[in-house]
Amino acid sequence: MPMLADPSIKYKPYTPLDFPDRQWPSKVNRIPPIWLSTDLRDGNQALANPMTIAQKMVFFDALVKCGYKEIEVAYPAASDTDFNFVRMLIEQGKVPDDVWLQVLTPAREDLIKRTVDAVAGSKRAIIHMYNATCCLFREVVFKNSQEETVKLAVKHTEIVRKLTDECTAKTGTIFRYEYSPETFSQTEPAFALEVCEAVKKAWGRAGPAHDDRIIFNLPATVEIGPPNHYADLVEYFCRHISEREKIFISLHPHNDRGTSVAAAELGMMAGADRIEGCLFGNGERTGNVDLVTLALNFFTQGVHPQVDLSDIQAIIDVVTACNDLPVHPRHPYGGELVFTAFSGSHQDAIKKGFEAQRIRHEAAAAKGELQIWDMPYLPVDPADLGCNYEAVIRVNAQSGKGGIAYLVQQHLGLDMPRKMQISFYSVIQEIADREAREMTVEDITTAFRNTYRFGGSAYEGRLVLRSFKVTSEQTVDGEAADERRQLDGTISVDGSLRVIRGDGNGPLSAFLDALKTHLNIDLSVREYSEHTIGKDQNAKAASYVELVPQGADIKDTRRSTESYWGVGVDADIASSGLRAVLSAVNRAIGDRVLPELKLNLGFSASSGQADIASAILLSLRLELPRRLQASFYEVVQRAARKTGDAIGYDALVALFRETYGYDETEGEGRFAVKRFNVASVDSGRAKLSGEFIINGKAVALEGEGTGPLSAAVEAVNRGLDGRVSIKEYVEHSIGEGSDVKAASYVEVAYEGPGGKPKFTAWGVAIDQDITASGLKAVLAATRGVENADKAANEA
């Protein structure tokens, strides 16, 4: 059905109040109201899925943290959940002494009694009773006359008085009383006054002290007129109610016309003392007045609202999680876009505003004057709400490279070279054009991480640097040969470890030579830059590399239109450069097939990690853990490189024995247990003592730990400046019956004094006694620690 051409035939306009001497238009709000949060009652009743007790508790704690002193926590008579929540707050001591719990009840005796029972024993409680007073509700819903409506309010006010007096005498709870002529804004002004005068008389104990004042709440249950009309009604009530000094006038504006905030502000100008509402305006239909917007409207006028909203995002997180309702991106103050300008001219004005304000504030500070916030498009400083200025720069298909680079710098600490900015800008533009939406900070940083394989294991590419060593080539007389460098390293290629070696005039060129030799990747460095991230001992190096395909000569290489950027960060400058190279290489190779590793074992069969592990299983009956398989596979590659990538079975087994200190004899081998004793000490710990053979030397050890192996490690650590710890332990049995033995595999991690060097090592051992096999494996794993510890200490 189309909209009516003449809506006046169906809808009647509000009737303005004849109030020519109204005073509110000339007033200014300079004092914040008393705040009452009704999120846990009015807001909760408006949810399709009401909050659980756990959610209500989280919300209650957030309100207390913000500084709300009056909180309407429930409609206790509505459900056991609400009643039990109120009892839990009281019985578990969750309510600070200066916070008033408010609970709502209709004008029904049985419901009033349950409501009072709900707050019995609390320190401070407000009983909020209501009944509808407007003509529409009187005649259509309740079939009551004005006289019957007044009698209903009076009778149940007297019941509230009686029950609260009894509860105070029994439990000591201090009560205040709030009465709402529901649908006030639709009620005849004179009749609203009549009902409230009768209620005040029936209550009988209103006084001028804060705790004695009666609260008259004037709800715009349905917003039926503009905010100036509501202000007229409020001022009329304030000026005509008797004993005004004994009353707090409270407002409960709803938002049916979208003007609840304006209605509340004008209502305060009209004389109201108190505001009821919800954080971000949750409530029936279009919601209650938004307490956040209202409070920050005071703040931006230089008036502290007496609630703390300095971490607005944390408040938003609580509200959205508990209500399962979003905060609109354009919501005042709290929306994610409210401090954002997409328009280039707006961004330019804000940028100039920040610079001008910086100069203005420096001059004001020098004179001892106030540093006033005055910025184009930004009525409040985002920092005052716990936000930063990055929201001013948001990226979509119309944004420039400078904004993108700024966000990368702010969030990742990376100051990209200009040419890299241009390269990454094209990546973001492609995504933005394809998806036709704004690119969030997370989108941009994730795209950066994916593009340049930056940020840890979650973003690793096909090639990953595992370890490396760079050495100088020496001539016969011991001097460096043309400053040449040799790189020997291990990289993961599509998940498989590969040993590589290359030569060059520096670490980067040696690395590129290794990649060319082993993986047929032929690239050259065209541009390199670096900078420091952080300060002091926490500083890291960030390196940026542009790689191009190797041309016929240096001029062709430099002129290449095809290039790949990479970035690397590491505490070590050489490592950061190598990581940057690998970052660019990963981008260059895409998904192209790389040359396979050719390693011959035994009868010229091409072999991989699984084949090596199988050979050890067949020869020594040892079922190597997967990580030990990978470690030994790297060792085999290095050894086989000396013999044309081939190694025999006997040589393989010998290599394994030598590498991991493995000896099947139970006598005087390189690593043996001559005797040992494990005793329990206090707190369930184990004490190890005994005589052992370590690398062919007899050693007496003694240590404590959670078990024999950790005690052995502690004993070893007593002779070191660095520290050894067990990283992995695996065991299995070999043989059957009386010939069964235990095979133990131990990986230890060593960290030298000051944190360097760091390395890991495996030890393997067997013994008929499982504890002895474990101890021998620990000792075998620590075979290289003593020399490394000595060297680290001397360094």
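Two exercises with worked solutions follow, both about the predicted model shown above.

**Exercise 1.** Find the element in which Arg41 lies, decide whether Arg41 is buried or exposed, and list the residues with which Arg41 is in contact, leaving aside its neighbours within four places in sequence.

**Solution.** Begin with the position along the chain: Arg41 belongs to helix 1, which covers residues 39-45. Next, take the relative accessible area of Arg41, which is 9%; a residue counts as buried when this value is under 20%, and therefore Arg41 is buried. Finally, look beyond the neighbours within four places in sequence, where Arg41 is in contact with Glu72, Val73, Ala74, Tyr75, Leu104 and His252.

**Exercise 2.** Work out in what order three strands form the open sheet that includes strand 13, which strands are at its edges, and which helices pack on the sheet.

**Solution.** Start with the order, which is 12-13-14, with antiparallel pairing. Strand 12 (523-533) and strand 14 (564-570) are the edge strands, since each of them pairs on one side only. From one strand to the next, the twist averages 20°. Then examine one pair in detail: strand 12 and strand 13, the latter spanning residues 540-549, are joined in the antiparallel sense over 10 bridges, and Ser524 has Val548 in strand 13 as its bridge partner. Last, turn to the helices. Helix 16 (residues 507-519) packs on the sheet by touching strand 12 and strand 13, and its direction makes about 135° with that of strand 12. Helix 18 (residues 573-589) also packs on the sheet, touching strand 12, strand 13 and strand 14, and its direction makes about 145° with that of strand 14.

How values were computed: Residues numbered from 1 in each chain as written. Predicted model: local features only at pLDDT ≥ 70, side-chain atom pairs only at ≥ 80, totals over all residues. Heavy atoms only, no water. Helix = DSSP H or I, 4+ residues; strand = E, 2+ residues; numbered from the N terminus. Buried < 20%, exposed > 50% of the residue type's maximum accessible area, 1.4 Å probe, protein only. Contact = heavy atoms within 4.5 Å. Pairing = 2+ DSSP bridges. Axes fitted to C-alpha atoms, helices over the stretch in contact; angles between N-to-C directions.
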